[in-house]
Amino acid sequence: MKPLPGFRDLFPEDFARRNYLVGKWRETARRYGFVEFDGPTLESAELYRKKNSGGEILGQLYEFTDKGERAVALRPEVTPTLARMVAARHRDFPKPMRWFNVGTCFRYERQQRGRLREFLQFNCDLVGDATHAADAEVIALLIDLLRSFGFGPEDFAIRLSDRSAWHDFMTLHGVGKERATEFLTIVDRMEKMPAEKTEELLAPFAIPLATLREFITRAEIPVLAPLLADLEARGLRDYVRPDLGVVRGLAYYTGVVFEAFALHGGLRAIAGGGRYDRLLADLSDGSADLPAVGFGVGDAVLLELLKECPAAKLREEAALKADAPTQIYLVIADENHRFDAISLAQQLRGVGWRVGFPLGAEKVGKQFGNAEASGASHAVVIGVEWPTVKVKRLSDRHEESVPADSLLSWLTASGS
Ligand code: HAM
């Protein structure tokens with residue numbers, strides 16, 4: 001029996017990699033003053049209907065009727081949940097609110113590399129500030145997050161656009177509000193579709209493909225100037241590329257929209273986000289009329305990219321090594337001292353060291369093999385010399401004799 005298509009078994013080595021990722025997510029969010037929240041993974045299907053998520057995501061919902069006859073859906077994204085929660089209690093929190101979430105999402109996606117049906121998503125959202133300073137803050141957070149893995153400007157870029165420019169375009173070409181989502185979905189997908197297909201979808205709008213392309217390649221997007229100036233002041237301008245080709249597939253975006261892309265291996269989308277100034281008001285019938293901006297990033301694409309970028313791979317390997325399940329392995333060379341070894345293990349564990357030892361009698365050579373396999377940096381040999389032990393650094397087999405009662409201070413001083 002295998003897991004369902006698009007679902008994963010996470011074995012310990014996979015989980016260690018994911019933990020590394022999530023550690024960076026949390027660490028970076030905290031550096032920007034964000035606090036963590038979570039909501040339910042199962043929501044009323046209504047939460048994702050038209051005005052909210054809209055677009056492609058609606059066709060990917062895992063939805064069903066529960067035993068109480070409610071139409072429910074596994075969350076395909078966290079933004080509507082965040083908006084619902086903020087709308088319910090926004091008066092309790094000083095503005096702007098900086099909230100982040102690490103949570104599982106579900107989308108019935110077509111199978112492709114880095115796209116799954118169950119994935120972990122990291123979301124950062126800043127609520128209650130409508131200025132470009134807030135946009136810059138979340139984009140800077142996203143750039144810093146990617147840099148924390150070891151990715152540089154040669155590895156990724158943020159494509160930046162503004163839906164207001166598209167709204168001007170739609171007004172000029174007679175696309176009414178009621179058809180805006182349909183039109184923007186075509187623009188969002190056109191990079192991945194053959195030109196004939198885009199032309200066919202554009203036909204009912206009576207907009208030639210050439211007109212659309214000309215608009216997208218227009219060099220300037222004046223509305224982005226203050227945001228770009230802010231990012232320039234942070235030294236992050238090199239990571240950002242104004243590009244009207246980005247519109248985003250979700251219905252709720254109202255202003256700035258952006259996507260982080262990998263620059264090698266076919267421009268894969270790493271993260272996406274934007275400003276959604278009406279979602280909260282829509283969900284609360286106007287009682288919580290708060291602007292918001294944020295982004296989401298999934299674990300699957302990042303895990304793939306980490307393998308492909310040498311600098312990021314090295315950083316990840318070093319972090320995983322430092323976080324190995326065992327730091328110190330006690331080699332019991334004389335079974336007469338098993339209880340001394342156990343007592344020592346408990347003392348070391350009591351002050352935080354990750355310690356392993358064999359549960360039964362084993363040959364010393366086998367124990368050294370196990371010590372290495374466990375990721376330990378040092379083996380401590382307990383034998384006939386007790387109460388003196390031999391400490392062996394496993395990387396170069398350097399050995400020292402240390403009295404057992406000063407082992408703790410020796411280990412601390414050696415910075416193992
Ligand atoms: P999104 O572009 O749909 O935006 O997803 C954001 C990121 O989640 C994607 O760039 C990708 O890394 C990851 N992701 C999405 N779908 C999948 C999938 N099927 N498998 C693996 N990873 C996936 C949103 O979800 C918005 N709610 C983001 C947001 C937050 N906007 C404002 N605040």
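How do the residues of the lining of the largest pocket divide into nonpolar, polar and charged? There are 20 nonpolar, 14 polar and 16 charged residues in that lining. Please keep in mind while you read that this is a predicted model.

## The largest pocket

Let's start with the space itself. The largest pocket holds about 1300 Å³. Its lining is made up of 50 residues, and Arg107, Glu109, Arg115, Lys192 and Ala269 are the closest to the pocket centre.

Several helices and strands contribute to this lining. On the strand side, β6, β9 (256–262), β10 and β11 each supply at least two residues. The helices α5 (180–189) and α10 (299–308) also each supply at least two.

## The ligand and its shell

What takes up the space of the largest pocket? The ligand does. Around the ligand are 25 residues, with Glu77, Thr79, Asp125, Tyr253 and Ile270 being the closest. Sorted by character, this shell has 10 nonpolar, 9 polar and 6 charged members.

Strands feature in the shell too: β6 (118–127), β10 (269–275) and β11 (292–298) each give at least two residues. Which of the elements gives the most to the shell around the ligand? That is β11, with 5 residues.

## Polar contacts and cover

Now for a closer look at individual atoms of the ligand. At Thr79, an N or O atom of the side chain lies 2.7 Å from a ligand nitrogen. At Leu116, a polar backbone atom is 2.7 Å from a nitrogen atom of the ligand. Gly298 also takes part through its backbone, where a polar atom is 2.9 Å from a ligand oxygen.

How much of the ligand's accessible area does the protein cover? On its own the ligand has 650 Å² of accessible area, and the protein covers 96% of this.

## An enclosed cavity

Rolling a probe the size of a water molecule over the atoms reveals where empty space remains. When the whole structure is searched, 1 cavity of 30 Å³ or more turns up. The largest cavity contains about 30 Å³ of space.

If you would like to find this cavity on screen, look for its lining residues: Arg163, Thr181, Leu184, Thr185, Arg248, Gly249, Leu250 and Ala251. Helix α5 provides the largest share of the cavity lining, 3 residues, and α5 also supplies at least two residues to the lining of the largest pocket. By character, the cavity lining consists of 3 nonpolar, 3 polar and 2 charged residues.

Conventions: Residues are numbered from 1 along each chain as its sequence is written. This is a predicted model: local features need pLDDT of at least 70, side-chain atom pairs count only at pLDDT 80 or more; totals for chains, interfaces and linings use all residues. Side-chain values use heavy atoms; hydrogens and water are left out. A residue is near a molecule or strand if one of its heavy atoms lies within 4 Å of it. A polar contact is a pair of N or O atoms within 3.5 Å; within protein, one must be able to donate a hydrogen and the other to accept it, and residues adjacent in sequence count only if both atoms are side-chain atoms. Accessible areas come from the Shrake-Rupley method with a 1.4 Å probe; for residues, only the protein chains shown count as cover. On a 1 Å grid over the protein atoms alone, a cavity is a set of points where a 1.4 Å probe fits but cannot get out, and a pocket is an open set with protein on both sides within 12 Å along at least five of seven lines; lining residues have an atom within 4 Å of a point. A molecule sits in a cavity or pocket if more than half of its atoms lie within 2 Å of its grid points. Helices (H or I, at least four residues) and strands (E, at least two) are DSSP runs, numbered from the N terminus. Ala, Val, Leu, Ile, Met, Phe, Trp, Tyr, Cys and Pro count as nonpolar, Asp, Glu, Lys and Arg as charged, and the others, Gly among them, as polar. Grid points are joined across faces, edges and corners, and a volume is the space filled by probe spheres set on the points.
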